[in-house]
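Student: Got a minute to go through a model with me? I'd like to start with the strands and then move on to the helices and cysteines.

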Amino acid sequence: MLKRMFYNPTRNETLFIASCAERLIKNEQQYGAHSVCEIFTRIEQDIVASLLKQEQQYLQFRLAFISRQKHGLEKHILFVSEIKKLERKDAAAL
């Protein structure tokens, strides 16, 4: 149990992506390109099987934050990435 507390690859990955998202929201210029690249890489890895079946692939992500308000939930889109065209070699490399 002690080992799981410190070594949890899934949780570490989640925290890393959350930190990339926070940098984008805070508009930290020195980390912006790196954060976008890291998020794109994780998304591409997650959907690689479906990407290989398509002829042309485009990818875009957005960071949506949901907060609870008195009248219900509010959704705020705080970042929208550029549209990235995936080359066939990019999809095959994943």
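Student: So, how many residues sit between β2 and β3 in the hairpin?
Tutor: Two residues separate them in that hairpin. Keep in mind that this is a predicted model.

Student: Which way do the two strands run, parallel or antiparallel?
Tutor: Antiparallel: β2 (residues 62–69) and β3 (residues 72–80) are joined by eight bridges.

Student: And what in β3 stands opposite I66?
Tutor: That's K75.

Student: Switching to helices. What length should α3 span?
Tutor: It covers residues 29–46, so 18 residues at 1.5 Å a residue should give 26 Å. The end C-alpha atoms are 26 Å apart, which agrees.

Student: Which residues of α3 are buried?
Tutor: G32, S35, V36, E38, I39, F40 and E44 are.

Student: What makes up the largest nonpolar core?
Tutor: Eleven residues: C20, A21, L24, V36, I39, F40, L59, F61, L63, F79 and L86. The elements giving two or more residues to this core are α2 (9–25) and α3.

Student: What does A21 touch, leaving out residues up to four places away in sequence?
Tutor: I39 and L63.

Student: Now the cysteines. How many disulfides are there?
Tutor: The count is zero. C20 is in none, and the nearest cysteine sulfur belongs to C37.

Student: Why doesn't C37 bond with C20?
Tutor: Because its sulfur is 9.5 Å from the one in C20, too far for a bond. A disulfide needs the sulfur atoms within 2.5 Å.

Student: Is each one buried or exposed?
Tutor: C20 is buried, at 0% relative accessible area, while C37 is partly exposed at 44%.

Conventions: Residues numbered from 1 in each chain as written. Predicted model: local features only at pLDDT ≥ 70, side-chain atom pairs only at ≥ 80, totals over all residues. Heavy atoms only, no water. Pairing = 2+ DSSP bridges. Helix = DSSP H or I, 4+ residues; strand = E, 2+ residues; numbered from the N terminus. Expected span 1.5 Å × (residues − 1). Buried < 20%, exposed > 50% of the residue type's maximum accessible area, 1.4 Å probe, protein only. Core = buried A, V, L, I, M, F, W, Y, C linked by side-chain atoms within 4.5 Å. Contact = heavy atoms within 4.5 Å.
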